[in-house]
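Let's take a friendly walk through a protein model together. Have the structure open beside you, and turn it as you read.

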Amino acid sequence: TQAASSRGPPAQGGVTHAVPTSHVPAGDATQAASSRAPPAQGGVTYAVPASHAPAGDATRAASSRGPPAQGGAALAAPWLRTAPVPSAILIDRHLHKNGGGTFRHILLANERAGVCQYWGYWQTEEGWLKISRELDRALLGGAGPLPAKLPWLCIEAHSSATTSNFMSFVVPYVVRLRQALALRSVPTRVLLVTRVREPFAFYLSFYKWKVAGLQRAPNGAKVYGVGFLGWTPPNLQAWSMLNGNIDSIASSVRSSARAHAAQFGQRQMAVLERKLAHFDIVTPLEYFDEHLLMVADAIGLPHIGYQSVSPPQMGIPKTERLSDAQVCPNMTACRERVRQVAPWDFRLYEKARADFAAKLGSQDADFQRRLELFRDSRHAAAAREREQMPCCTRTGKCHNKRTGEWLLRPPSCVPGWSRLQELVIDDRGGTCCYGSLKPALNHTPAGR
């Protein structure tokens, strides 16, 4: 703890580690999104200097607000102003407990409506290699015509062991793909997004969701520590955002990865900041609604209504829901422990807030009006969208990866050409359409 604390980030000008109570997420995405005041201004952002921006980034930045308001018939809801773009690759880096389960529901709703093809819960390294090569072949492969059905992918890149190569492989690939698409004038928009959370709220949510139940198991205290104060791993959010595989440091207190996380310092943070500079939207979780509206503005994602997902607490009886006070009777001591062990998590969060303040400040007055409309109607919109899903509703296995046999063809309304559809289906377990949300949620015990 002392070693991790001694390597903490230098104090930011005008920014402290204190977070107003009103900005601490209370648990689910609805509660987190309820704070409407803009974040405090800070001195450091993820903005990429124009001289260092990859080719095409200036165009992406200029077009991030989308076109002017479309005709009413073209838009799915009054809070939208951008019709779906002809082709998009939306990649959500889902770090545990940062609204990813709720965002998954939104991606699946858009697949069921035929807007996109969902690729998740995770991606394998083999899957990324095959699909990146297929995208390169079809979109960038020469003077030939583009596919008749351009890709529209909704990718949930969960921070699990299978996606530990995300920052080292996927982000550099996205940078190169954006440049190549712009050079060839391919109308495929690549949008890379993620969310971060106030550090204490992040630790507390993760502990209640997964660790508290493990500590109750036989030998649980020996493996996972005693209580919240006996568990807290160092730099949980920053280390996991950079390296993936959060369970390697978040579970056993004897994990060798914890020693590496304790060594997280200025050099590793600089690498993480360079990677995050290529993300289009990095949002503090308490601005979840603004996050969704910005995604919709950028690519025209039409179905963004939601009801928050709050997964069960593992190993805790369903009749017992742990409260913050039960976990931390001495809340001050718990907050101070997180401050000591996670200095780089605070740096990550502060910089995200500063950057998002600038992004919010650049929005026009109409953004706030549409945001209010969305907040007032998001739950009802989610219910309506569930009833009006005409495309990807069939469930079950549709492709035998070993033999190559199609047991069931994907619906013709799913975007993309057949080979791309097949590769995505294979990497997500051979399922054509999830249809309902339940199969995706049962894919793994992880959640929001």
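## Rings that meet

A search of the whole structure, which is a predicted model, finds 15 aromatic pairs. One of them is formed by Trp119 and Trp128, a tilted pair with 4.7 Å from centre to centre and 50° between the planes. A pair of aromatic rings is described by exactly these two things, the distance of the centres and the angle of the planes. Another tilted pair is made by Tyr207 and Trp231, whose ring centres are 5.6 Å apart and whose planes meet at 45°.

Where do Tyr207 and Trp231 lie? Tyr207 belongs to helix 7 (residues 199-216), while Trp231 is in the loop between helix 8 (220-224) and helix 9 (236-243). The two residues are 24 apart in sequence, so their pair ties together separate parts of the chain. Tyr207 and Trp231 also belong to one aromatic cluster, together with Phe200, Tyr203, Phe206, Trp209 and Phe228.

Are the rings of these two pairs buried or exposed? The cut-off for buried is under 20% relative accessible area, and the table shows how each residue fares.

| Residue | Relative accessible area | Status |
|---|---|---|
| Trp119 | 0% | buried |
| Trp128 | 4% | buried |
| Tyr207 | 6% | buried |
| Trp231 | 1% | buried |

One more ring deserves a look: Phe103 has the charged end of Arg195 sitting over it, 4.8 Å from the ring centre.

## Strands side by side

Now find strand 1. Why can we call strand 1 largely enclosed by the rest of the structure? Eight of its eight residues are buried, so the description follows. Both of its faces are covered: Ser87, Ile89, Ile91 and Arg93 are on one side, and Ala88, Leu90, Asp92 and His94 are on the other.

Which strands pair with strand 1? Strand 4 does so in the parallel sense over seven bridges, and Arg93 has Thr194 of strand 4 as its bridge partner. Strand 3 (residues 152-158) also runs parallel to strand 1, and seven bridges join them. Here Ile91 stands opposite Ile155.

Strand 4 (residues 188-196) has a further parallel neighbour in strand 5, joined to it by four bridges. In this pairing Val193 faces Ile281. Strand 5 (residues 281-284) is covered on both faces too, with Ile281 and Thr283 buried on one side and Val282 and Pro284 buried on the other.

## A helix to check with a ruler

Helix 6 (residues 166-184) lets you try a small calculation. At 1.5 Å a residue, its 19 residues should span 27 Å, and the end C-alpha atoms are 25 Å apart, which agrees.

An α-helix has 3.6 residues a turn, so residues three or four places apart point the same way. With that in mind, look at the buried residues of helix 6: Phe166, Met167, Val170, Val171, Tyr173, Val174, Val175, Leu177, Arg178 and Leu181. Just after this helix, Ser185 takes a positive phi of about 60°.

## Unusual backbone spots

Most residues other than glycine have a negative phi, and most peptide bonds are trans. Which places in this model go the other way?

Lys97 is one of them, with a positive phi of about 65° although it is not a glycine. Lys97 lies in the loop between strand 1 (87-94) and helix 4 (100-112). With a relative accessible area of 4%, Lys97 is buried.

Asn245 is also not a glycine, yet its phi is positive at about 50°. You will find Asn245 in the loop between helix 9 and helix 10. Its relative accessibility of 26% makes Asn245 partly exposed.

Asn245 has a partner worth finding. The side chain of Ser248 reaches the backbone oxygen of Asn245 at 2.8 Å. Ser248 itself is in helix 10 (residues 247-250). Leaving aside residues up to four places away in sequence, Ser248 touches Trp239, Ser255 and Ala257.

For a peptide bond, look between Gly120 and Tyr121: this one is cis, with omega near 5°. Tyr121 is in the loop between strand 2 (117-119) and helix 5 (125-140).

Terms used. Residues are numbered from 1 along each chain as its sequence is written. This is a predicted model: local features need pLDDT of at least 70, side-chain atom pairs count only at pLDDT 80 or more; totals for chains, interfaces and linings use all residues. Side-chain values use heavy atoms; hydrogens and water are left out. Buried means under 20% relative accessible area, exposed over 50%, partly exposed in between (1.4 Å probe, protein chains only). Two strands pair if DSSP finds at least two bridges between them. Rings of Phe, Tyr and Trp (its six-membered ring) pair if their centres lie within 6.5 Å; planes under 30 degrees apart count as stacked, over 60 as edge-to-face and the rest as tilted. A charge sits over a ring if NZ of Lys or CZ of Arg is within 6 Å of the ring centre and within 35 degrees of the ring normal. The expected span of a helix is 1.5 Å times one less than its number of residues. A polar contact is a pair of N or O atoms within 3.5 Å; within protein, one must be able to donate a hydrogen and the other to accept it, and residues adjacent in sequence count only if both atoms are side-chain atoms. Contact means heavy atoms within 4.5 Å.
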